[in-house]
Amino acid sequence: MLGIEPLELHFAFKKNRIISCKLQLTNETDDCFAFRIEAMNPLQYCIEPIKGVVPPGSKCSVTIMTQTRVHAPEHKHFKDAFTLQSTRVDGCLTAMSITKDVFSEKTERVVDKVNLTVVFDTTPIPEEPKDLSVLPEILQDEVGQGQERHLMT
């Protein structure tokens, strides 16, 4: 089956910004594998590519992006998740020809299903001020007059 790294998708929260996370799929076998990723909450994420074929001995990078958010999630381990399905396929199968039927359990194929959890890093990231007028007075002192004060002591 496909190697999947990471199994926990970490997103560093940034207010009003699209946040992305990379997922690496690795095929160390001599067979082709088709994959498909489903989001538990599809309106909140964009997945590129959402499905594809990983040839033998190769890797595929998948980018998962969140919609912009105004507020950080209340908990680091958010309730969102993804399911990655993969199965061995014919080498001539293309991404366009991958349908839900390829991963149907009614076929004789073995379908591997892996759940990926979403983790938001909600640690606030301080934003750098654009000009000195927004700095607190103490910091303005350090920047503007700090050198003179240090020379006096």
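Colleague: Starting with Arg36, is that residue buried or exposed?
Modeller: Arg36 is buried, at 12% relative accessible area. Keep in mind that this is a predicted model.

Colleague: Which side chain does Arg36 meet in a salt bridge?
Modeller: Glu38. The two side chains meet at 2.7 Å, N to O. That counts as a salt bridge because the cut-off is within 4 Å.

Colleague: And what about the accessibility of Glu38?
Modeller: Glu38 is partly exposed, with a relative accessible area of 32%. Arg36, its partner, is buried.

Colleague: How many salt bridges turn up in the whole structure?
Modeller: Two. Besides the Arg36 and Glu38 pair, Asp31 and Arg88 form a salt bridge, at 2.9 Å from N to O.

Colleague: Where do Asp31 and Arg88 sit along the chain?
Modeller: In distant parts of the chain, 57 residues apart. Asp31 is in the loop between E3 and strand E4, which covers 32–39. Arg88 belongs to strand E8, residues 77–89.

Colleague: What are the accessible areas there, Asp31 first, then Arg88?
Modeller: Asp31 has 29% and is partly exposed. Arg88 is partly exposed too, with 41%.

Colleague: Why would such side chains pair at all?
Modeller: Opposite charges can pair when the charged atoms come close.

Colleague: New topic, the sheet. What is the strand order?
Modeller: E1-E3-E7-E5. This is an open sheet of four strands, and the pairing is antiparallel.

Colleague: Which strands are at the edges?
Modeller: Strand E1, residues 3–5, and strand E5, residues 45–48. Each of these pairs on one side only.

Colleague: By how many degrees are neighbouring strands turned against each other?
Modeller: On average 20°, with direction ignored.

Colleague: How many bridges join E3 and E7?
Modeller: Eight, in the antiparallel sense. E3 covers residues 20–27 and E7 covers residues 58–66.

Colleague: Which residue in E7 stands opposite Thr26?
Modeller: Lys59.

Colleague: What holds strands of a sheet together, in general?
Modeller: They pair through backbone hydrogen bonds, parallel or antiparallel.

Colleague: Now the cysteines. How many disulfides are there?
Modeller: Zero. A disulfide needs two cysteine sulfur atoms within 2.5 Å, and by that rule none is counted.

Colleague: Take Cys21, is it buried or exposed?
Modeller: Buried, with a relative accessible area of 9%.

Colleague: And Cys60, buried or exposed?
Modeller: Cys60 is buried as well, at 17% relative accessibility. It counts as buried because the limit is under 20%.

Definitions and conventions:
Residues numbered from 1 in each chain as written. Predicted model: local features only at pLDDT ≥ 70, side-chain atom pairs only at ≥ 80, totals over all residues. Heavy atoms only, no water. Buried < 20%, exposed > 50% of the residue type's maximum accessible area, 1.4 Å probe, protein only. Pairing = 2+ DSSP bridges. Helix = DSSP H or I, 4+ residues; strand = E, 2+ residues; numbered from the N terminus. Axes fitted to C-alpha atoms, helices over the stretch in contact; angles between N-to-C directions.
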